[in-house]
Amino acid sequence: MTDHDDPSRRRYRVLKSLGQGAFSRVYHAEMIGPEGFSREVALKFLIPDPQNDVPLEETQRRLRDEARILGLLRHRAVLGVYGLVRLQPGWAVVMEYVPGVDGSTIVAQGGLPTRVALEVLAEVASALHMALHRPAPTGDPNNPTQPLRLVHRDLKP
């Protein structure tokens, strides 16, 4: 795959599927840039669903909004976003790849010890607090500290 929006013509090599949700599929990939540069990334693609009553254009707008918003956030519990690119078969968010196991594997193995679970919960709460209170880019020099007031609408255990 080639990133058509980037003048350096980065390429992406999909390594494996990481998971799928209602509107998107995420892959572990390698981003290959000029002069031998490479980085492991996650690519999040839209899934066109003919049964879905949300128009494709609206779903694409939501993906672009998600990428822009995530690009504003800086927190160790929030994935970094490297950009939004147009690839075949469509738009993709290029995100930080974090190796590890998914939650269902942890649950199947008996869950987390209480102390570790509380530490994870504290990190999630810290990230949500940051997203709610992070200053928004208002562009207004008279009110540069308007909070973003971002609320996550799809938290899962």
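A strand, as the word is used here, is a run of at least two residues that DSSP marks as E, and strands are numbered from the N terminus. With that in hand, let's walk through this predicted model, starting from one residue. Glu30 sits in strand β2, which covers residues 24-32.

Let's zoom out to see where β2 belongs. Five strands make up an open sheet, and going across it you meet them in the order β1-β2-β3-β5-β4, with antiparallel pairing. At the edges are β1 (11-20) and β4 (81-87); each has a single partner strand, so one side of each has no neighbour in the sheet. From one strand to the next, the twist averages 30 degrees. There's a helix to find as well: α1, residues 56-72, packs on the sheet and touches β3, β4 and β5 (90-96). The direction of α1 makes about 155 degrees with that of β4.

What holds strands together in a sheet? Strands pair through backbone hydrogen bonds, and they can do that either parallel or antiparallel.

Now back to β2 and its two neighbours. On one side, eight bridges join β1 to β2, and the two run antiparallel. Look for Tyr12, whose bridge partner in β2 is Met31. If you follow the chain from β1 to β2, you'll pass through a hairpin with three residues between the strands.

On the other side, nine bridges link β2 to β3 (residues 38-46), again running antiparallel. Try tracing two of the pairs: Ser24 is matched with Leu46 in β3, while Ile32 is matched with Ser38. These two strands form a hairpin too, with five residues between them. In that turn, Glu35 has a positive phi of about 60 degrees.

So how enclosed is β2? Eight of its nine residues are buried, so the strand is largely enclosed by the rest of the structure.

That brings us back to Glu30. Is Glu30 buried or exposed? Its relative accessible area is 17%, and because buried means under 20%, Glu30 counts as buried. Leaving aside residues up to four places away in sequence, Glu30 touches Arg11, Tyr12, Arg13, Leu15, Ser38 and Arg39. Which side chains make polar contacts with the side chain of Glu30? One is the side chain of Arg13, at 2.6 Å, and another is that of Ser38, at 3.4 Å.

One last thing to spot: Tyr97 is 67 residues away from Glu30 along the chain, yet their C-alpha atoms are separated by 9.6 Å.

Key
Residues are numbered from 1 along each chain as its sequence is written. This is a predicted model: local features need pLDDT of at least 70, side-chain atom pairs count only at pLDDT 80 or more; totals for chains, interfaces and linings use all residues. Side-chain values use heavy atoms; hydrogens and water are left out. Helices (H or I, at least four residues) and strands (E, at least two) are DSSP runs, numbered from the N terminus. Buried means under 20% relative accessible area, exposed over 50%, partly exposed in between (1.4 Å probe, protein chains only). A polar contact is a pair of N or O atoms within 3.5 Å; within protein, one must be able to donate a hydrogen and the other to accept it, and residues adjacent in sequence count only if both atoms are side-chain atoms. Contact means heavy atoms within 4.5 Å. Two strands pair if DSSP finds at least two bridges between them. Axes are lines fitted to C-alpha atoms, for helices over the stretch in contact, and angles run from 0 to 180 degrees between N-to-C directions.
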